[in-house]
Amino acid sequence: ANGAPALVLGRWTLTPRAAYDITARILSREDYRFDPISDLAPLDLALGWGPMSDNRVLKAFKISQGARFYSWRPITESLPIDLGDVTKYSANTHAIPANASVASKLARLRLGGQVVHLTGLLVDGARDDGMTIRTSLTRTDSGAGACEFMLVQQVQVQ
């Protein structure tokens, strides 16, 4: 994806940083209509894979989303996985629909153990008024700036 041409989506110019293909469980989702980037990314998906897609592991955590952040906290005394693995095997993904069909499929995604396969590009972006976004390109970061901005080109529910 590096070296790929920029893409224009509405008021945004997106710069592809990497191809991205993930199969993960939807841990949480949050829709946005009125925040500064909702015109580009109308929903966030908290995704979990590997141990963070296992019911026995997930029962040990409270997962929530809000203000474009995904957060988790332990709710049991003994944890089934190392806390570092929570960060490594889950992420908040700002979903940018590539077209109306993808937007419709993303809007229908549900919680409750649904597994989804997403294919697309991780992107940085600049809006015509100077606002910018930057995607994460690593699995081990956390906090502000750790989210993936994904131009979703295909959605398949598993």
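Ala100 belongs to helix H3, which covers residues 100-107. In this predicted model, Ala100 has a relative accessible area of 64% and is therefore classed as exposed, since the cut-off for that class is over 50%. Its C-alpha atom is separated by 18 Å from that of Leu45, a residue 55 positions away along the chain.

**Overall architecture**

Helix H3 is part of a protein chain that contains three helices and nine strands. Read from the N terminus, the order of these elements is β-β-β-α-β-β-α-β-α-β-β-β. The radius of gyration of the protein chain is 15 Å, close to the 15 Å given by the globule rule for 158 residues, so the chain is as compact as a globular protein of that length. The C-alpha trace spans about 50 × 30 × 30 Å along its principal axes.

Contacts between distant parts of the sequence feature strongly in the fold: among contacts with a separation of 6 or more, 70% involve residues 24 or more positions apart. Of the 158 residues, 44% count as buried. The protein chain exposes about 8,100 Å², and carbon and sulfur atoms supply 52% of that area. With regard to charge, there are 17 positive and 15 negative side chains, and the centres of the two sets lie 6 Å apart.

**Accessibility of selected residues**

The table lists five residues with their places in the chain and their relative accessible areas.

| Residue | Place | Relative accessible area |
|---|---|---|
| Ala67 | loop between S4 and S5 | 63%, exposed |
| Arg68 | loop between S4 and S5 | 9%, buried |
| His94 | strand S6 | 4%, buried |
| Ala100 | helix H3 | 64%, exposed |
| Arg127 | strand S7 | 12%, buried |

**The loop between S4 and S5**

Ala67 is located in the loop that joins strand S4 (61-66) to strand S5 (69-74). Most residues other than glycine have a negative phi. Ala67, however, has a positive phi near 55 degrees. Arg68 lies in the loop between S4 and S5, and its phi is likewise positive, at about 70 degrees, although Arg68 is not a glycine. As for accessibility, Ala67 is exposed at 63%, whereas Arg68 is buried at 9%.

**His94 in strand S6**

Arg68 is also one of the residues touched by His94. His94 is found in strand S6, which comprises residues 90-97. Its relative accessibility is 4%, and His94 therefore counts as buried, the limit being under 20%. Leaving aside residues up to four places away in sequence, His94 touches Ala41, Leu43, Asp44, Arg68, Cys147, Glu148, Phe149 and Met150.

**Arg127 in strand S7**

Arg127 is placed in strand S7, which extends over residues 115-127. With a relative accessible area of 12%, Arg127 is buried. When residues up to four places away in sequence are not counted, its contacts are Arg11, Trp12, Pro36 and Asp39. One of these residues, Pro36, offers its backbone oxygen, which the side chain of Arg127 reaches at 2.6 Å. Arg127 and Gly10 stand 117 residues apart in sequence, yet their C-alpha atoms are 8.7 Å apart in space.

Technical notes:
Residues are numbered from 1 along each chain as its sequence is written. This is a predicted model: local features need pLDDT of at least 70, side-chain atom pairs count only at pLDDT 80 or more; totals for chains, interfaces and linings use all residues. Side-chain values use heavy atoms; hydrogens and water are left out. Helices (H or I, at least four residues) and strands (E, at least two) are DSSP runs, numbered from the N terminus. The radius of gyration is taken over C-alpha atoms; the globule rule is 2.2 Å times the number of residues to the power 0.38. Buried means under 20% relative accessible area, exposed over 50%, partly exposed in between (1.4 Å probe, protein chains only). Contact means heavy atoms within 4.5 Å. Accessible areas come from the Shrake-Rupley method with a 1.4 Å probe; for residues, only the protein chains shown count as cover. Lys and Arg count as positive and Asp and Glu as negative; His and the chain ends are not counted. The place of a charge is taken as NZ of Lys, CZ of Arg, CG of Asp or CD of Glu. A polar contact is a pair of N or O atoms within 3.5 Å; within protein, one must be able to donate a hydrogen and the other to accept it, and residues adjacent in sequence count only if both atoms are side-chain atoms.
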